[in-house]
Amino acid sequence: MKIRMRIKTPRRDGNGFGLRFAGLLVLLCGIETLSVFADDSPATGETIYQTKCAVCHGPKGEGKTAVYPHPLVGDRSIGELTEYISRSMPEDKPGTCVGDEAQRVATFIHEGFYSATAQARNQSARVELSRLTVRQYRHAVADLIAPFRRAGEVDERHGLLGEYFKSRNLGRNDRVYEQLDPVVDYDFRDQSPMTDHPDGAQVEPHEFAIRWRGSVIAPDTGEYEFLVRTDQATRLWVNDLQHPLIDAYVKSGTDTEHRGTLFLLGGRSYPLRLEFSKASQGVKDEKAKEKPPAKAVVSLEWKRPQQIGEVIPNRFLTPGRAAEVCVVKSPFPPDDRSLGWERATSISKDWDQATTEAAMEVAEYVTIHLDELAGTKADAADRPAKLKEFCDRLAERAFRRPLNPEQQQRYLERQFAGASDQENGVNRVVLLLLKSPRFLYRELGSTDMNSNDPYHVASRISFGLWDSIPDATLLNAAEQGELATRQQVAVQAERMMSDARFRSKLREFLLRWLKVDRIPDLGKDTALFPEFNEVLAQDLRHSLELFLDELIASDTSDFRQLLLSDQMYLNGRLSQFYGADLPRDAPFQKVSFEPSQRAGLLSHPYLMADFAYSSTSSPIHRGVFIARSLLGRMLRPPPEAVTPLAPQFEPDLTTRERVALQTRPESCQSCHALINPLGFPFEHFDATGRFRREELGHPILANGHYVTRQGETVGFDGVRQLASFLAESSETHSAFVGQLFHGMIKQPIRAYGAGTNEALRVEFVRENFSLRRLIREMIATSALTTLPPQTQTTTETK
Amino acid sequence: MTQPTRREFLRDLGLSAAALPFILNLPSLGFANQTARKQRLVIIFSPNGVVPKTFWPDEKGADFALKESLAPLEPFKNKLLTLHGVCDKIRGDGDSHMRGIGCLLTGVELFPGNIQGGSDTPAGWSTGLSIDQEIKNFLQSDPATRTRFGSLEFGVMVPDRADTWTRMSYAGPNKPITPIDDPYQMFSKLYGRLKGQENLKTILDDLQDDLRKLSASINPADRQLLEEQTTFVQEMEQELKSTAAVASVGHAVPDLEPGVKEAAENMPRLSKMQIELMVNSFAADFSRVATLQYTNSVGDAKMRFLGVDQGHHELSHNADDDEASQEKLTRINKWYAEQVAYLAKRLAETPEPGGSGSLLDNTLIVWTNELGKGNSHTLDNIPFVLVGNGLDFKMGRAMDFGKIPHNRLLISLAHGFGHRIERFGNPDYCSPGVLTDLT
């Protein structure tokens, strides 16, 4: 809901409106929260309701049998309710609750129990049967197939292994040396590779070849476009090492850019091989005596989903060869994210069709790779036995538990018996497994009777940490009865948190928490910011991701670093623009900044530029971010669509003055009294997130304040003071705990008991705000659960 | 999920991506045109030129005799044309074998590139699309002639490397099309989805049983979700039933002999399998254009099953007075003629679905080669033999055009489909246009 303006900020020679504004008394009104801390001060809508209305309508709007038996529910807006109350309530004394008072009581009623959203909120939360989210489905399929392959090599180093050959062929006999290359981005001119390797001189300039091997790490899920830029023969394989993604062995015409597109699942490594050969191919031209110098370049580039092209950075390359990943490409309808996390408690025909298509896709994949996955050969005598064994294991993994005899009959025996041949039997088994509710749903068959069944526990742990099915170790622990205590669950959680799947999930959550999970368009006014371009925007993204990746991987994984760190990753280009002291071509590195100017990620230029218009900052977007994401405040959408006041209409006002002016009406103030003073402390950052000391010749005013849920007013001047307050505030901690819980567990936190959020917050504080320890506690809490008692349930016989 | 466009839909089918529900929603696919005549084109390639004295008939006109190389085509003599005097005039980069195959169906020069031939300058891919693709695009642009695949590219023993010598069809400049020389791969392209659908039908009962069982046993508050899924599964079953006619494609899915490996000694079996698949895909109207490429330009298969121990290309370099080699080369070309004859026979005995006559009455087979003659590497007198009545050419003749560029023949193929282009490939070799003598 951002409105971008492409209007120049005019120069001004204004007056001191801002000073007058700073003295304004700010009213706080009409903001309710979901938090366990909800404890508003007197004279609120609630007080009015309890004194004037509850006598007939009941303390929670439930109605009173004798007087007004109907519950207070409906779909009128707050405005309509206000008007109605002013006109006709209370019934015996209409006209005694009007104006502001009527509005406050209407707001309380609306948000307390009247509106549809309030009703949904008030329903007692429970752990619901949920299907796999789209992300969980794709990861579950990948992990369903993975154990049937040889595990990939793990290599902590970055870059690709380059093998250098002294002829155009990549034959073993012509291999001269091997070395780790950080990235593939070479201009050999008319020379030999000229690396520092002692054997480099053996490679002649006119004919040589290089093969790079290793893996590429896909950070996000989506379409990746790979590009090999070369004037020579080249081939590129990604994930599937049998079929090249790019085959430009034939160089033809002047085309030097060779592209191939691949859908990849984020957080996983994919085997990669790149071949480059400088020479004429085909028949060896023996007659040519002269070997005139020829030029050669080669670079390996990509476009990550929704991003611009770049040489694949070193941190996404590793010399270890990963195993091929089975990636489901079938499209799925998106998950419901109306509550901020994927709630998978409903299905649709679209979704059902998608699971059918995906099942057929996976069945085809299995058919093609059957002998490899089942560890057999086309003419092996024990092939039938191996195929059955493969299906047995596959079924166990798909259902995350051993099959009982009846299920074995249904899912395995009967399919083989009914099929025309063995391969068809496998095909039927795969289709049936992947269409089965036992694969497609989480918490299936979990009741208060068997809630802590070890296989349920194993699934909760793995979906919670990885968004995927349990691995062999975890299933084994379930089988051994080693998932019965919090301690035992914590041991598994610790182990699993060192896996890339965990880091990927947490990273996705943090990006969403920062509201940048979708790549924002940071296009800025080119007249005002001529040097700010899409390359710089992508550099900023890298900078943010580097920070997050480092935090996630660190031992402390201290949440407060997100708010308080005084360091940032910069490269030469960013350094130039944001005024740090690095050479122009410097690679990314951590740079300390003046602590009073910036704080953690809050003032990271990527976020500052995102929470801004194309030419001016946006205190409102910044304030909304702090209120919602950090403090967990509920904000209603604006009562009417408002076009931001364009700077040109008030050329003398600073951004702060303009925002204050536009949001001055009482109807705006109910929310903006909260939003604006949380956004103003960021006024030192312009539309590109660059630090500034003045705007339109006026010194920046960066003071703001916040009225806590306890009613205490806290003031701050600038982002550092705001960040310090947030880092210490239990409101921030509590909101973060709730959001993280929903992001990881994907069930309402209240379903695990009213005190769960608070208990986890206390744990969070005690554990020095370690994200990992907090998540470990969440996993223990949600995996070993006591569900509210249910009626009419029977446990399935096993 | 967004609704796919028709183009995406066709692409999905062709690339075997998710297609089931879309097929279900569009039962008429592949049977778009049941009334108008379905014209088809097959282009068959064999390599290394021919032995002119055992290949070309001595006579001209309707009264001619087929010589040894073409003897297998005797049953189709009145449905056949031999076209002497059609020459590949395209020059530029690349050796004769490269231009021979790369310009054969494109009629235009190769790009400069990095593939060095035995002589001449190195070259890359063709600078234009090939006539089979031109005709495919023409047919696919009209809903009345559009088919599921548009064109199918078959191969037999095509080496597993992509270079100028191994590619004949081009979707456009620098866009060579890889022929599928593995019959099992072609089978799964044609029928893989259908097989999956057949299997899908067979599992639904077991799926519904388990859904029922689970619904009965779980928490009532959660039951609704499973009940909804049960409904969806029932609906899918209904849809699968109602489109059973489409799924069964109107003919028996061909049974392929299992486990035939790609090896020179299996060429006869592979060839037969590919021809069966081609005939079946015509009967199902999956496609109206097909190519069938035996080996590759410079193909060096050792056809021991013919009693020939040397590689074909090696043999083709031997001199005219080496009678033993000439005889073996004749034997090889006669074997290729047998393949053409087998395809013609299978087309002739398959009735045109929904029409009159046989598939051969509506199909033109064009058999050709990258060279006129192996040991001279000439691109003159490219052996063009046409079989079948698909394009309404006046068949049953031995023709001699003197020395005309082959672009005019390519133009004539398009005209046969009512696609009246005036030039194709290099315009310098296109006038005066279509070969009027053919019709």
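**Notebook: sheet of chain B and its contact with chain A**

I looked up the sheet of chain B in this predicted model and found seven strands in an open, mixed arrangement with the order 5-8-1-9-10-2-11, where strands are DSSP runs of E with at least two residues and helices are runs of H or I with at least four, numbered from the N terminus, and where two strands pair if DSSP finds at least two bridges between them. Strand 5 (150–156) and strand 11 (397–405) of chain B have a single partner strand each, so one side of each is left without a neighbour in the sheet. I noted an average twist of 20° from one strand to the next, with axes fitted to C-alpha atoms (for helices over the stretch in contact) and angles taken from 0 to 180 degrees between N-to-C directions.

I then checked strand 5 of chain B, which pairs with strand 8 (residues 287–294) of chain B in the parallel sense over seven bridges; Val156(B) has Tyr294(B) as its bridge partner there.

Turning to the interface, I found 44 residues of chain B in contact with 52 residues of chain A, contact meaning C-beta atoms, placed from the backbone, within 7 Å. Helix 6 of chain B gives the most to this side of chain B, with 13 residues. I also saw strand 11 (residues 281–282) of chain A pair with strand 3 of chain B in the parallel sense over two bridges, Gln281(A) standing opposite Ile115(B).

For the record, residues are numbered from 1 along each chain as its sequence is written, and chains are lettered from A and ligands numbered from 1 in the order in which they are written. Local features need pLDDT of at least 70 and side-chain atom pairs count only at pLDDT 80 or more, whereas totals for chains, interfaces and linings use all residues.

How values were computed
Contact = placed C-beta atoms within 7 Å.
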